[in-house]
Amino acid sequence: MECWKAMQWLSADYRDFHDVPRMMVCTCSFGTYLFRSRLDPVAQEYADHYEVYRLPPISESEVCASWFGLETRALERLPDLPVREFPFDVSTRRFLDYDRIYPLLRQG
């Protein structure tokens, strides 16, 4: 697990890095979100989009525990987000400002 702080994310953590992060829990001033790109077992490729879930607040100890089934705790499911649109710099493996996805997150 890698933990980073970016200017507008209060906290942002990711797991399963394969070209890009495949699962992230990010908290900003108006909520906590899970972004998940699933592996397609038939194609043996990851999806080109993140499923987006708005979560209830989670503790730091929960962030450090298993994320298996975390989406089942979601308050709501938001529209998918193309992986290429997520504000993450792959070369430095750090989170960027969420301005590009702000409208999506504000739907919640």
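A residue counts as partly exposed when its relative accessible area falls between the buried limit of under 20% and the exposed limit of over 50%. Glu-76, at 25%, is therefore partly exposed. The structure looked at here is a predicted model, and the charged residues are a handy way into it.

Side chains of opposite charge can pair when their charged atoms come close. A search through the whole structure turns up six salt bridges. One of them brings Glu-76 together with Arg-54, with N and O 2.7 Å apart. Arg-54 sits in strand 7 (residues 49-55) and Glu-76 in strand 8, so this pair ties together parts that are 22 residues apart in sequence. Like its partner, Arg-54 is partly exposed, with a relative accessible area of 22%.

Another salt bridge links Glu-71 and Arg-38, this time with an N to O distance of 3.6 Å. Both residues come from loops: Glu-71 from the one between helix 1 (60-64) and strand 8 (76-82), and Arg-38 from the one between strand 4 (31-36) and strand 5 (39-40), so the pair ties together parts that are 33 residues apart in sequence. The two ends of this bridge fall into separate classes of exposure. Glu-71 has a relative accessible area of 16%, which means that it counts as buried, the cut-off being under 20%. Arg-38, at 31%, is partly exposed.

Asp-80 and Arg-77 make up a further pair, and their closest N and O atoms are 2.8 Å apart. Asp-80 is partly exposed at 38% relative accessibility, and Arg-77 is partly exposed too, at 41%. Elsewhere, salt bridges with shared partners join up into one network, made of Arg-36, Arg-38, Glu-51 and Glu-71. The pair of Glu-71 and Arg-38 described above thus has both of its residues in that network.

Then there is Arg-15, which belongs to strand 2 (residues 11-18). Arg-15 is buried, yet it has no salt bridge. Why does Arg-15 have no salt bridge? The nearest side chain of opposite charge is that of Asp-16, 7.1 Å away, whereas a salt bridge needs a side-chain nitrogen within 4 Å of a carboxyl oxygen, so Asp-16 does not qualify as a partner. The side chain of Arg-15 does have a contact of another kind: it reaches the backbone oxygen of Cys-64 at 3.4 Å.

Definitions and conventions:
Residues are numbered from 1 along each chain as its sequence is written. This is a predicted model: local features need pLDDT of at least 70, side-chain atom pairs count only at pLDDT 80 or more; totals for chains, interfaces and linings use all residues. Side-chain values use heavy atoms; hydrogens and water are left out. Helices (H or I, at least four residues) and strands (E, at least two) are DSSP runs, numbered from the N terminus. Buried means under 20% relative accessible area, exposed over 50%, partly exposed in between (1.4 Å probe, protein chains only). Lys and Arg count as positive and Asp and Glu as negative; His and the chain ends are not counted. A polar contact is a pair of N or O atoms within 3.5 Å; within protein, one must be able to donate a hydrogen and the other to accept it, and residues adjacent in sequence count only if both atoms are side-chain atoms.
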